Structure formats: C-alpha cells, structure tokens
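Colleague: I'd love a close look at a single helix here, along with what packs around it. Could you pick one and walk me through it?

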Amino acid sequence: NLPDKIYLKDVGPRDGLQNEETWIETEDKVTMIDKLAQSGLKEIEISSFVHPKWIPALSDAREVARQIQRYPDVNYSALVPNQKGLEHALEADLDGISVFMSASETHNQKNINKTIDETYPVLRDVIEVAKQENKVVTGYVSTVFDCPFEGRTKPEQVIPVCEQLLESGADYLSLGDTIGSAVPSQVEALLDELLKRYPEEKLIMHFHDTRGMAMANLLTSLNYGITHFDSSVGGLGGCPYAPGAAGNVATEDVLYLFHGLGIETGISMDHLLDTAEFIQSKLGKRLPSKSLTHQLSR
Ligand code: HMG
Ligand code: MG
C-alpha cells in the first residue's frame with residue numbers, strides 16, 4: 001500500500017551549499033535553482049537568512065531571491081532563525097519560511113547560540129508573523145535520532161520540541177537526521193511515538209546520508225505512510241555545526257526509487273541529472289549522488 005503521490009523538497013541550494021568552502025557565484029546559484037524548478041520540483045529551499053558570519057556561503061540570500069525566476073506552481077522557501085531573518089525573508093517575498101532548532105541542547109546552542117528554552121519564544125514570534133503574512137511554515141527539528149555532541153536522542157526529547165513548534169503555528173515538522181547516523185529501527189521508534197500524536201501529512205523526513213542509511217530510512221518512513229521528504233540534488237550538503245555530517249540523500253537517487261516503485265513524481269530525472277552535473281562542475285569535485293556517478297560512467 002504505497003502512496004499515490006509524494007512531495008519532495010530540494011534543499012540543495014540551502015543545506016547543500018551552506019557547507020561548501022568553494023564560493024558559488026550568485027548567478028550560478030540562481031541557475032541551479034531555476035534548473036531545479038524546470039525539472040518539475042514543486043518545493044525548493046533557496047537559501048538562509050542567517051548571520052553571514054555563521055554561514056558565509058549563503059551571504060547572498062537576498063540577491064538570490066531577487067534574481068531567481070518565480071514559477072507560479074513552485075514553493076520557494078528559506079531558513080530563518082529569528083526576527084531579523086524573517087524581515088529579510090518577507091522582503092524577499094518567498095512562499096515559505098523554515099524555522100529550525102534541535103532536540104538536543106548542545107547542538108541547539110552550537111548552531112543558533114541559544115538554549116532550547118530560549119529558542120521557543122523567538123521561534124513562536126517568527127511563526128506568528130509568518131502566518132499573518134500567509135507563509136507556509138516548516139519547523140525543522142535537528143538531531144532527532146543522534147546528536148554529534150550528546151549521542152543518542154530519545155523520542156521524549158523530540159516530542160516537546162515538535163509540540164512547541166506545532167502549537168506556535170508551524171504547518172509542518174521536518175525531522176532531521178542531522179549527522180546521518182540513524183538506522184531504520186530508530187526511525188520506527190520515533191515515528192511510533194509521533195504518529196500517535198500527529199497525522200502523517202504533518203511530518204517531513206530529512207535524511208543525511210553519512211553512513212549510506214538514508215534510503216533504508218526513507219523506505220521505512222514511506223512504509224509508515226510518510227509522503228514528504230527533503231533531499232538535495234547531487235547529494236550535496238551537511239551542517240557546519242554538526243561535525244562529520246555528510247550531504248542529504250540525493251534527489252536523483254530518491255527519484256530513482258520512487259519511479260521504480262511506480263510512484264509518480266512529475267519530476268524529470270534527466271533535468272535533475274543535468275542540474276547535478278552543473279553544480280558539480282561549479283564546485284569542481286565529485287558529488288556523492290549514485291545516479292549522477294552512474295550517468296557519468298556510461
Ligand atoms: P547571535 O550572535 O546569537 O545573534 O547569533 P544575536 O541575536 O546576538 O545578534 C548578533 C548580531 O547578529 C547582531 O548584529 C544582529 O543584528 C545580527 P550587530 O548588532 O552585532 O551588528 N543578526 C543577524 N544578521 C543577519 N541575519 C540574521 C541575524 N540575526 C542576528 N538572521 C544566530 C544567532 C541564530 C543569528 C546565529 O547563530 C546564526 O545565524 N546561526 C545559523 C546557523 C545555521 O545556519 N546553521 C545551519 C542550518 S541548520 C541545519 O543545517 C540543520 C537542518 O538542515 C536540519 C538537519 O539536517 O538536522 C535544517
Ligand atoms: Mg540538514
């Protein structure tokens with residue numbers, strides 16, 4: 001009983017590029033995002049309105065937002081940590097706002113310089129204004145399975161964060177395997193708890209592929225009825241405040257799985273591979289995407 005429809009958000013221009021040391025020119029970021037939209041993706045996370053000192057690679061977020069094509073059927077979103085980021089995101093007139101925090105205390109502090117309890121009121125205010133402005137709000141919860149500093153995260157740590165974000169008005173929760181360490185039994189244990197409380201449609205799974213477990217975890221989630229997933233073209237990515245974290249699961253590889261399972265996505269594999277190849281050439285290094293590697297070896 002597989003779903004008829006799945007929702008893929010490409011986070012490559014944000015999660016992918018935020019960790020790259022090679023500066024990608026604004027016009028190349030814009031080309032990448034436009035190509036992603038032309039591939040049939042309906043959700044694209046284009047950048048972050050965070051402090052440029054913390055994430056220099058995305059310091060041109062406002063320029064990127066100004067220059068991209070706006071395809072009317074595509075939802076463009078960006079990461080926002082606080083009111084200042086929200087102001088910039090509202091000026092950029094995006095469709096969606098993604099707030100973010102962690103289920104583990106140490107990662108939260110290293111990533112956004114606040115304790116979990118200090119973060120709640122900040123995000124509550126951001127979400128309130130974003131909803132008044134009719135934005136779709138996603139609340140990322142990082143380190144839901146493991147924390148690079150504290151080890152295993154318990155579902156009891158994840159639930160209050162989910163609860164706060166939804167009570168504050170978030171439309172979706174995106175559950176991050178930030179360091180790509182989870183195995184399917186961890187995914188099952190968390191989803192068993194969360195699905196007692198929230199409907200499947202509220203949950204997005206965000207898998208990094210550090211250990212090659214992302215596909216197994218994604219399929220496990222699919223079997224739990226989850227239909228929303230984050231991925232990044234080429235398998236780009238990683239969080240600079242999570243040592244050792246590799247990229248997100250590659251959008252092309254996820255597409256290969258879904259198409260093979262007979263699930264329609266409306267996304268063109270050829271266009272995606274072309275986009276992955278484009279950004280790979282700009283970064284000047286091989287990307288981890290299996291589909292891209294296969295394509296280039298033919
Ligand atoms: P802070 O230093 O505590 O900020 O940083 P502050 O509020 O004390 O302000 C200090 C200065 O920063 C002030 O300027 C503010 O105006 C300015 P000054 O008065 O000194 O000149 N400032 C800003 N400037 C631009 N944009 C802003 C902004 N906010 C304050 N939005 C802050 C706190 C949250 C800003 C900082 O820690 C930060 O930017 N962190 C971002 C970290 C980040 O982007 N991490 C990666 C994304 S999360 C991730 O990858 C995980 C995810 O993929 C899911 C998963 O995989 O698990 C989502
Ligand atoms: Mg991530």
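Modeller: Gladly; what follows starts with one helix and then moves out to its surroundings.

This is a predicted model, in which local features need pLDDT of at least 70, side-chain atom pairs count only at pLDDT 80 or more, and totals for chains, interfaces and linings use all residues. Residues are numbered from 1 along each chain as its sequence is written, while chains are lettered from A and ligands numbered from 1 in the order in which they are written.

My pick is H6, residues 116–132. Helices (H or I, at least four residues) and strands (E, at least two) are DSSP runs, numbered from the N terminus. The end C-alpha atoms of H6 lie 24 Å apart, in agreement with the 24 Å that its 17 residues should span at 1.5 Å a residue; the expected span is 1.5 Å times one less than the number of residues.

Now for its two sides. A residue is called buried if 20 or more other C-beta atoms, placed from the backbone, lie within 10 Å of its own, exposed if 12 or fewer, and partly exposed in between. By that count, Thr119, Leu123, Val126, Ile127 and Ala130 are the buried residues of H6. They fall within an arc of 100° seen down the helix axis, so they line one face of H6; the arc is that of the directions from the axis to the C-beta atoms. Asp117, Pro121 and Gln132 are exposed on the other side of H6.

What does the buried face of H6 pack against? The partners are helix H4 (83–91), strand S4 (96–102), H5, S5 and H7, where a contact means C-beta atoms, placed from the backbone, within 7 Å.

Both flanks of H6 hold an asparagine worth a look. Most residues other than glycine have a negative phi. Asparagine 113, in the loop between helix H5 (105–112) and H6, has a positive phi near 65°, and it is partly exposed because 13 other C-beta atoms lie within 10 Å. After H6 comes asparagine 134, again with a positive phi, near 60°. Asparagine 134 sits in the loop between H6 and strand S5 (136–142), and it counts as exposed because it has 7 C-beta neighbours inside 10 Å.

Strand S5 includes valine 137, which counts as buried because it has 22 C-beta neighbours inside 10 Å. Beyond four places in sequence, valine 137 is in contact with Ile97, Val99, Ile127, Ala130, Lys131, Gly169, Ala170 and Asp171. The C-alpha atoms of valine 137 and valine 126 are 9.6 Å apart, with their positions 11 residues apart along the chain.

Next is H7, another partner of H6. Its 13 residues should span 18 Å, and its end C-alpha atoms are indeed 18 Å apart. The buried residues of H7 are Val158, Val161, Cys162, Gln164 and Leu165. These residues cover an arc of only 165°, which puts them on the same side of H7. S4, H6, S5, strand S8 (172–177) and helix H8 (184–197) are included in what covers them. Glu156, Pro160 and Glu167 are exposed on the other side of H7. Glutamate 167 lies 8.6 Å, C-alpha to C-alpha, from arginine 124, although 43 residues separate them in sequence. Glycine 169, with a positive phi near 115°, follows H7.

Val126 of H6 also leads to valine 80: setting aside neighbours within four places in sequence, valine 80 is in contact with Phe49, Gly85, Leu86, Ala89, Ile97, Ser98, Val99 and Val126. A nonpolar core is a set of buried Ala, Val, Leu, Ile, Met, Phe, Trp, Tyr and Cys residues joined through C-beta atoms within 7 Å. In the largest one, of 79 residues, Val80, Val99, Val141 and Leu173 touch the most other members. Helix H2 (residues 26–38) gives the most to this core, with 5 residues.

Last, which residues are closest to ligand 1? Val50, Gly85, Ser142, Gly176 and Thr178 are, among the 25 that surround it, each with its C-beta atom, placed from the backbone, within 6 Å. H4, H5 and S5 are the elements that give two or more residues to that shell, and these three are also packing partners of H6.

Methods: Contact = placed C-beta atoms within 7 Å.
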